[in-house]
Amino acid sequence: MASAPSRALPFLSPPSTAPRAPSVRLRCAAAAGQAGFFTRLGRLIKEKAKSDVDKLFSGFSKTRENLSVVDELLTYWNLADTDRVLDDLEEALLVSDFGPKISFRIVDTLRDEIRDGKLKSGTEIKASLKRCILELLTTKGSKTELQLGFRKPAVIMIVGVNGGGKTTSLGKLAHRFKNEGAKVLMAAGDTFRAAARDQLEIWAERTGSEIVIDNDKKAQAPSVLSQAVKRGKREGFDIVLCDTSGRLHTNYGLMEELVSCKKVIAKALPGAPNEILLVLDGTTGLNMLQQAKEFNDVVGITGFILTKLDGTARGGCVVSVVDELGIPVKFVGVGEGVEDLQPFDAEAFVEAIFP
């Protein structure tokens, strides 16, 4: 398959004419140019989140319906009803999987502000509620942009349990990168499931990406990923997207294989992988937290992709994951379409669930 043309990466400054160490100067200028490319790439993808806010809004419709009781509670709020209203508000947050710790903290903050006379109407209480949630998301999970480093190729490793949507998420990421002019290479590191390789080949064809596949049935994931990263470096790819096999967080043998995958990637390209993204199924709600903790302990997660949030009223789990682990959500899946893996934007999320 013919590869897509790579975007030229301009020098930030012209090569020096000084006689000393010109090759070093050229390498530094090239590295700076590549850093600029990856910075722009991350920023462009993040900016698309704001333009796609309507999709995010529709994707969280069930969570929003679940929290519509908040408006009902606050419309006719008066000081005498404060305790009852806050109890009902706390229950609404719990049902939407904000988690007990967060729900209690938010309600206690609102109660203190009401008691201190800072909030004097239902409108002000709702504004404070939204502000509290936004602060939770931005304090611990502010780095929602992809951190792609400063040299080609940037390597992103996708991990998660079976059925969470890893391969599909990888394909949708490739689509976004290709739309921004990046040259993308996929690595079929799910060597346990033949269908995963076939699925990734379809995504490669659909997005115009290259792919590395090992047809040896005894091939191990670390070998495939190592080949892909070396090829990405040799042939000037901008991004290498590494798929991995789904595994339960309780299967310690398979979890250790992820460590091997990470090590061979780093050996092939020092400093890689730039991102290790854990795909979490949003329909599992707060049950995903233990998965996230185990994966993070083993390989060091840099960000989350929350999938299947279009079919659940458990959107509050976004806040819980960030608050519990201090790791940012980078993408959310809000539908089945190729454009429905949305870069996460905290402000857009809060507006989507509390319009």
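This report walks through a predicted model, from its sheet to its helices, cores and unusual backbone spots.

**The sheet**

A good place to start is the open sheet, where 8 strands follow the order β3-β2-β4-β1-β5-β6-β7-β8 with mixed pairing. At its edges sit β3 (210-212) and β8 (341-343), each of which pairs on one side only. Direction ignored, neighbouring strands of this sheet are turned against each other by 25 degrees on average.

Strand β1 (154-160) deserves a longer look. It is mostly covered, with 7 of its 7 residues buried. In a regular strand, side chains alternate between the two faces of the sheet. Here Ala-154, Ile-156, Ile-158 and Gly-160 point one way from β1, while Val-155, Met-157 and Val-159 point the other way.

Three of the pairings in this sheet are set out below.

| Strands | Sense | Bridges | Example of bridge partners |
|---|---|---|---|
| β2 and β4 | parallel | 4 bridges | Leu-185 and Val-240 |
| β1 and β4 | parallel | 4 bridges | Ala-154 and Ile-239 |
| β1 and β5 | parallel | 5 bridges | Met-157 and Ile-276 |

**Helices against the sheet**

Helix α10 (residues 221-234) lies across β1, β2, β3 and β4, and runs at about 140 degrees to β3. Helix α13 (residues 317-325) also packs on the sheet, where it touches β5 (275-281), β6 (303-307) and β7 (329-333). The direction of α13 makes about 160 degrees with that of β6.

**Helix α5 and its buried face**

Now let us turn to α5, which spans residues 82-95. Its 14 residues reach 20 Å from the first C-alpha to the last, close to the 20 Å expected at 1.5 Å a residue. Which residues of α5 are buried? They are Thr-82, Val-85, Leu-86, Leu-89, Ala-92 and Leu-93. Seen down the axis of α5, these buried residues fall within an arc of 115 degrees, so they line one face of the helix. The general background is that an α-helix has 3.6 residues a turn, so residues three or four places apart point the same way. The partners that the buried residues of α5 pack against are α3 (61-66), α4 (69-75), α6 (100-115) and α7 (122-140).

**The nonpolar cores**

The largest nonpolar core has 77 residues, and Leu-137 and Phe-304 have the most contacts inside it. Leaving out residues up to four places away in sequence, Phe-304 touches several residues, including Leu-278, Leu-280, Ala-292, Val-321 and Leu-325. Apart from the largest core lies another one of 24 residues, among them Phe-38, Leu-146, Ala-188 and Ile-305.

**Unusual backbone spots**

Most residues other than glycine have a negative phi, and most peptide bonds are trans. A few places in this model depart from that pattern, as follows. Just after α5, Asp-97 takes a positive phi of about 65 degrees, although it is not a glycine. Asp-97 sits in the loop between α5 and α6. Is Asp-97 buried or exposed? With a relative accessibility of 10%, Asp-97 counts as buried, because the cut-off for buried is under 20%.

Two cis peptide bonds can also be found. The bond from Lys-152 to Pro-153 is cis, with omega near -10 degrees, and Pro-153 lies in the loop between α7 and β1. Another cis bond joins Ala-272 and Pro-273, with omega about 0 degrees. Pro-273 belongs to the loop between α11 (252-268) and β5.

Methods: Residues numbered from 1 in each chain as written. Predicted model: local features only at pLDDT ≥ 70, side-chain atom pairs only at ≥ 80, totals over all residues. Heavy atoms only, no water. Helix = DSSP H or I, 4+ residues; strand = E, 2+ residues; numbered from the N terminus. Expected span 1.5 Å × (residues − 1). Buried < 20%, exposed > 50% of the residue type's maximum accessible area, 1.4 Å probe, protein only. Arc of directions from axis to C-beta. Contact = heavy atoms within 4.5 Å. Core = buried A, V, L, I, M, F, W, Y, C linked by side-chain atoms within 4.5 Å. Pairing = 2+ DSSP bridges. Axes fitted to C-alpha atoms, helices over the stretch in contact; angles between N-to-C directions.
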